[in-house]
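Take a look at the structure below. Here is a short tour of its pockets, and then of one of its sheets.

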Amino acid sequence: MQVISIVGLAHIGIRVHDLDRSLAFYSLLGFVKTAGPLGPEPVAILHHPSGTELNLVLNAAKPSEPNVLMDVPEKHAGFTHIALSCPDITVAKSRLEAATIAIREGPVRFATGAQAIFVRDPDGNVIELNQPAPASS
């Protein structure tokens with residue numbers, strides 16, 4: 001079997017209800033809207049200076065509902081969260097709290113030495129801010 005060549009991650013699609021509400025959250029993380037809404041299922045495209053692209057799919061019917069992948073006892077297949085690399089989660093935590101965004105979990109230290117905090121966007125999507133383990137010398 002021939003392996004398909006992948007050179008990177010093109011974008012992450014996140015279903016949301018309200019563009020302005022979502023832009024307020026994602027702009028705090030440094031994302032800037034560069035296009036949209038576009039297309040039959042409207043999509044707004046956000047870029048980050050790191051090169052990460054988010055596509056906000058603007059078709060969530062209700063302003064708030066449980067996140068079926070995270071908030072129900074049954075474990076459904078699917079993406080549960082995205083993890084964004086963050087050089088200093090202590091600074092990120094302070095800025096999120098100053099913006100009245102609740103830290104849902106963390107800081108957590110993993111066995112690898114990495115640390116993370118977890119927040120939710122206005123639609124309940126889980127976002128992990130992950131500080132890599134210090135480089136060993």
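## The second largest pocket

Sort the residues lining the second largest pocket by class and you get 10 nonpolar, four polar and two charged. That lining is made up of 16 residues in this predicted model. Closest to the centre of the pocket are Leu29, His48, Ser85, Cys86 and Leu129. As for space, the second largest pocket has a volume of about 350 Å³.

Which element gives the largest share of this lining? That's helix 2, with four residues. Helix 2 covers residues 89–98, and strand 5 joins it in supplying at least two residues of the lining.

## The largest pocket

Now for the largest pocket, which holds about 740 Å³ of space. Its lining counts 27 residues, and the ones nearest the centre are Ile14, Arg15, Asn67, Leu69 and Asn125. Split by class, the lining has 15 nonpolar residues, eight polar ones and four charged ones.

Three elements give two or more residues to the lining of the largest pocket: strand 1 (12–15), strand 5 (81–85) and strand 8 (126–131). Strand 1 gives the most, with four residues. Strand 5 is worth remembering here, as it turns up in the lining of the largest pocket and also in that of the second largest pocket.

## A four-stranded sheet

Strand 1 also has a place in a sheet. Four strands make up this open sheet, and they sit in the order 1-4-3-2 with mixed pairing. Why do strand 1 and strand 2 each have one side without a neighbour in the sheet? They stand at the edges, so each of them has a single partner strand. Ignoring direction, neighbouring strands of the sheet are turned by 20° against each other on average.

You can zoom in on one of the pairings. Strand 2 (32–38) and strand 3 (residues 43–47) run antiparallel, with four bridges between them. At the level of single residues, Lys33 has Leu46 of strand 3 as its bridge partner.

## A helix across the sheet

What lies across strand 1, strand 2, strand 3 and strand 4? It's helix 1, made of residues 19–28. Strand 4 covers 53–57, and helix 1 runs at about 155° to it. If you want to trace this part on the model, begin with strand 1 at one edge of the sheet, then follow the order 1-4-3-2 to strand 2, and finally find helix 1 lying across these strands.

Key
Residues numbered from 1 in each chain as written. Predicted model: local features only at pLDDT ≥ 70, side-chain atom pairs only at ≥ 80, totals over all residues. Heavy atoms only, no water. 1 Å grid on protein atoms, 1.4 Å probe; cavity = no way out; pocket = protein on both sides within 12 Å on 5 of 7 lines; lining within 4 Å. Points joined across faces, edges and corners; volume = space filled by probe spheres on them. Nonpolar A, V, L, I, M, F, W, Y, C, P; charged D, E, K, R; others polar. Pairing = 2+ DSSP bridges. Axes fitted to C-alpha atoms, helices over the stretch in contact; angles between N-to-C directions. Contact = heavy atoms within 4.5 Å.
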